[in-house]
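Notebook open, model loaded. I wanted to look up what is enclosed, what is open, and what lines the pockets.

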Amino acid sequence: MGGGKRFAVLLCAEDSEYVKKRYGGYYGVFVEMLAEEGETWDVFRVANGEFPDDEQVDRFDGFVITGSCNDAHGNDAWICRLVSLLKKLDSLNKKVLGICFGHQVLSRALGGKTGRAISGWDIGVTTIHFSSSSSKLFSSLKIPTTLSIIECHRDEVRELPPKAEVIAWSEKTGVEMFRYGNHIMGIQGHPEYTKDILVHLIDRLSQRDFIADSYADDLKANMGKVEPDKDAWKKLCTSFLKGRL
């Protein structure tokens, strides 16, 4: 594994027992989607206060920030510490990919604003539309101008950081994706999720009274209609993180 690139997952969620058993935790889900031969992947459980030190940060070529049950606009100690780390990664020009909560907290760290989505929860498979500029950015990947992605969020990026650019939107969410320079990209949806993980999450949300049981039943009943474009998302995320765009 010696000379290969090194990447770190900044894990912002507690793994459920189900995801641990079935997928090796959310870290395992991200490694399955993003890792390629010869690379080294590590995980820092930042939600538990486990952060890379300066020397460790220098060793990594790129970082992935995961989803979370917490609010990106919250002021928990670990979230404030994460915001500081993300500012540092920006100053070092490290490649950073933020997913869901990761997308929102990246925006916050760079000077944007996040909060509750005006349209409420977005759960299911959503069609997102790429902007004309992002179609050029991703032209080498030969992906279509719309892609389906699994979503599970009730917060959103309300205001982009200065110099950031919206590169995708959906009917419910104005900032589905953004880029900041050539080194930072945020994705509101979950390119790493399977429908199985989403069903598990819907059940957890209804058990905890975040969503009504009737809404959960409707979501599961309608889930079979559209498939997420997982292969295209894998290509897009790996190409960005590894500097191949």
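Helix 5. I started here, keeping in mind that this is a predicted model. Eight of the nine residues of helix 5 are buried, so the rest of the structure largely encloses it. I wrote down the buried ones: Phe 101, Gly 102, His 103, Gln 104, Val 105, Leu 106, Ser 107 and Ala 109. Just past the end of helix 5, I found Gly 111 with a positive phi of about 110°.

Gln 104. I picked this residue out of helix 5 for a separate look. Is Gln 104 buried or exposed? Its relative accessible area is 3%, and the cut-off for buried is under 20%, so Gln 104 counts as buried. Next I asked which residues Gln 104 is in contact with, leaving aside neighbours within four places in sequence. I got Ala 72, Thr 114, Asp 155, Glu 156, Val 157 and Gln 188.

Leu 97. This one sits in strand 4, residues 95–99. Leu 97 has 0% relative accessibility and therefore counts as buried. I listed what it touches, not counting residues up to four places away in sequence: Phe 63, Val 64, Ile 65, Leu 106, Met 185, Ile 187, Cys 237, Phe 240 and Leu 241. Leu 106 in that list is also one of the buried residues of helix 5. I checked Met 185 as well: its C-alpha atom is 5.1 Å from that of Leu 97, although the two are 88 residues apart along the chain.

Largest pocket. I moved on to the empty space and noted about 580 Å³ in the largest pocket. Of the 29 residues that line it, Gly 67, Ser 68, Cys 69, Asn 70 and Leu 201 are the closest to its centre. Which elements each supply at least two residues of the lining? They are helix 2 (25–34), helix 5 (101–109), strand 7 (146–153) and helix 7 (195–207). Helix 7 has the largest share, with three residues. So helix 5 turns up twice in my notes: largely enclosed, because eight of its nine residues are buried, and a contributor to this lining. By class I noted 14 nonpolar, eight polar and seven charged residues in the lining of the largest pocket.

Second largest pocket. Its volume is about 180 Å³. I copied out the lining: Tyr 23, Gly 28, Val 29, Glu 32, Met 33, Pro 191, Glu 192, Thr 194, Ile 197, Lys 230, Asp 231 and Lys 234. Helix 2 and helix 9 (230–241) are the elements that give two or more residues to it. Helix 2 gives the most, four residues. By class, the lining of the second largest pocket has five nonpolar, two polar and five charged residues. Helix 2 is listed for the largest pocket and for the second largest pocket, which I underlined.

Whole chain. I left the overall figures for last. The protein chain has nine helices and 11 strands. A compact globule of 245 residues would have a radius of gyration near 18 Å, and I read 17 Å for the chain, which agrees. The C-alpha trace spans about 50 × 40 × 35 Å along its principal axes. Buried residues come to 54% of the 245. Among contacts with a separation of 6 or more, 75% join residues 24 or more positions apart. The chain exposes about 11,000 Å², and carbon and sulfur atoms supply 48% of that.

Conventions:
Residues are numbered from 1 along each chain as its sequence is written. This is a predicted model: local features need pLDDT of at least 70, side-chain atom pairs count only at pLDDT 80 or more; totals for chains, interfaces and linings use all residues. Side-chain values use heavy atoms; hydrogens and water are left out. On a 1 Å grid over the protein atoms alone, a cavity is a set of points where a 1.4 Å probe fits but cannot get out, and a pocket is an open set with protein on both sides within 12 Å along at least five of seven lines; lining residues have an atom within 4 Å of a point. Grid points are joined across faces, edges and corners, and a volume is the space filled by probe spheres set on the points. Ala, Val, Leu, Ile, Met, Phe, Trp, Tyr, Cys and Pro count as nonpolar, Asp, Glu, Lys and Arg as charged, and the others, Gly among them, as polar. The radius of gyration is taken over C-alpha atoms; the globule rule is 2.2 Å times the number of residues to the power 0.38. Buried means under 20% relative accessible area, exposed over 50%, partly exposed in between (1.4 Å probe, protein chains only). Contact means heavy atoms within 4.5 Å. Accessible areas come from the Shrake-Rupley method with a 1.4 Å probe; for residues, only the protein chains shown count as cover.
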